[in-house]
Amino acid sequence: MSKPHHYQGLVERYRNRLPVDDSTPVISLCEGDTPLIRLNNLPKEFGLDVEMYVKFDGTNPTSSFKDRGMAMAVTKAAEKGAKAIVCASTGNTSAAAAAYAARAGMTAFVLIPEGKIPMGKLAQAIAHGAVVLQIRGNFDDGMRLVKEVADEAPVEIVNSVNPYRLQGQKTAALEIVEALGKAPDYHCIPVGNAGNISAYWIGYSEAAGRNTQSCTLCNGNCPYLDNPLTDSRPVMVGYQAAGAAPFMRNKPVENPETLATAIRIGNPQSWELAKAAVEESDGWFDEVTDEELLHTQSLLATKEGVFCEPASAVSVCGAIRDIKSGKIKAGSVVTCTVTGHGLKDTATAIAGKEHVETIDAELDSVKSAILQHV
Ligand code: F0G
């Protein structure tokens, strides 16, 4: 009989690097341990002289990276004895909050912008039994309200202003360093509310035994530096959708607009932490248009077999452009976070595409259809 090998999620996996102890009631759906997929076809097609990978976090239990942060945030809420959690969301955080609350026997209240979250994400929140509050406003309005209500009602905020969210999400960087045996040279990532870029930088810094200003939990005195995995940190590159790019404008954007609804955010909560990540790593922010990001979403799906949602394609989209221009140096190892699964938003994925041919149920029809395409 072989030894049982049941992966039990990131809190157990990284127990010695997370703020938990033996009495903490771990709430997990076996999140994390997601694939780091080497891109073969796109670098060849575009003549890119780099080793390029995607960290496909769309393979988490609710199909986005939010499960990493939610596992930790709900675990800590449970430790405190909380009965309810609350978040504002463009969809993925609400899906994860709903699922982890169900697991923990808590109530999840989720504030979503009316008409601006895809059906897949809404279905998740409803299916897991969250109380869905659709607001006549955008994500930034929801965020403001959530912070206000947390002072007046017995609910724990599980947006990334909750530092445990970032602790959970830092594990993606640890997984990447372990998979490569070293840190990548560049890490490219979509930026919306700016929690994830901050969390990766915490993870990469910890992996290299270094403190960072991006961590709000330890205030420059990280307790997990004794056990480094590598000696270097990547350059962090954050990409935004052009209609929702406050880091490029250097101020909040009043009415953010993008088809990448997950990152339709004008006033990122982790502004300072994300800025610190980019500055400490000698990185940069940039923006991509909706047309560019949808094209990359399609390329990833049709050329690499990776189906992600529009916001997730932003990292690969920006990376390809910066590799082509030489801003990302030839010969580098480049990792890109692909944050959510394409099944979250099928309407955008197939919009404007001639996707189905209807034929008679006859051998000849099938045969002639095949011959037309090969
Ligand atoms: N990609 C996806 C698929 C997202 O859902 C989000 C954020 C991001 C990227 C940006 O990450 O906010 O840490 O910079 N979604 C949040 C939500 C806001 O409510 O689901 P970030």
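Is threonine 90 buried or exposed? Threonine 90 turns out to be buried, because its relative accessible area is 10%, which falls under the 20% cut-off. Keep in mind that what you're looking at is a predicted model. Threonine 90 is also a handy place to start, since it leads straight to the ligand: Ser89, Thr90, Asn193, Ala194 and Thr339 are the closest of the 20 residues that surround the ligand.

**Where the ligand sits**

- The ligand takes up the space of the largest cavity.
- Three helices each give two or more residues to the shell around the ligand: H4 (92-104), H9 (195-207) and H13 (310-325).
- Sorted by class, that shell has 11 polar residues, seven nonpolar ones and two charged ones.

**What touches the ligand**

- On the nitrogen side of things, a ligand nitrogen atom is 3.0 Å from an N or O atom in the side chain of lysine 66.
- The side chain of asparagine 92 has an N or O atom 2.8 Å from an oxygen atom of the ligand.
- With asparagine 196, the backbone does the job: one of its polar backbone atoms is 2.8 Å from a ligand oxygen atom.
- Taken alone, the ligand would expose 470 Å², and the protein buries 99% of that.

**Two loop residues to find**

- Look for threonine 90 in the loop between strand S3 (84-88) and helix H4.
- Glutamate 152 is 62 residues from threonine 90 in sequence, and their C-alpha atoms are 23 Å apart in space.
- Asparagine 60 belongs to another stretch, the loop between strand S2 (51-56) and helix H3 (66-80).
- Asparagine 60 counts as buried because its relative accessibility is 4%, under the 20% limit.
- Asparagine 60 and threonine 339 are 279 residues apart in sequence, yet 9.6 Å apart in space from C-alpha to C-alpha. Threonine 339, remember, is among the closest residues to the ligand.

**Helix H8**

- Helix H8 covers residues 171-180, and eight of its 10 residues are buried, so the rest of the structure largely encloses it.
- If you want to pick them out, the buried ones are Thr171, Ala172, Ala173, Leu174, Glu175, Ile176, Val177 and Leu180.
- Just past the end of H8 comes glycine 181, with a positive phi of about 75°.

How values were computed
Residues are numbered from 1 along each chain as its sequence is written. This is a predicted model: local features need pLDDT of at least 70, side-chain atom pairs count only at pLDDT 80 or more; totals for chains, interfaces and linings use all residues. Side-chain values use heavy atoms; hydrogens and water are left out. Buried means under 20% relative accessible area, exposed over 50%, partly exposed in between (1.4 Å probe, protein chains only). Helices (H or I, at least four residues) and strands (E, at least two) are DSSP runs, numbered from the N terminus. A residue is near a molecule or strand if one of its heavy atoms lies within 4 Å of it. A polar contact is a pair of N or O atoms within 3.5 Å; within protein, one must be able to donate a hydrogen and the other to accept it, and residues adjacent in sequence count only if both atoms are side-chain atoms. Accessible areas come from the Shrake-Rupley method with a 1.4 Å probe; for residues, only the protein chains shown count as cover. On a 1 Å grid over the protein atoms alone, a cavity is a set of points where a 1.4 Å probe fits but cannot get out, and a pocket is an open set with protein on both sides within 12 Å along at least five of seven lines; lining residues have an atom within 4 Å of a point. A molecule sits in a cavity or pocket if more than half of its atoms lie within 2 Å of its grid points. Ala, Val, Leu, Ile, Met, Phe, Trp, Tyr, Cys and Pro count as nonpolar, Asp, Glu, Lys and Arg as charged, and the others, Gly among them, as polar.
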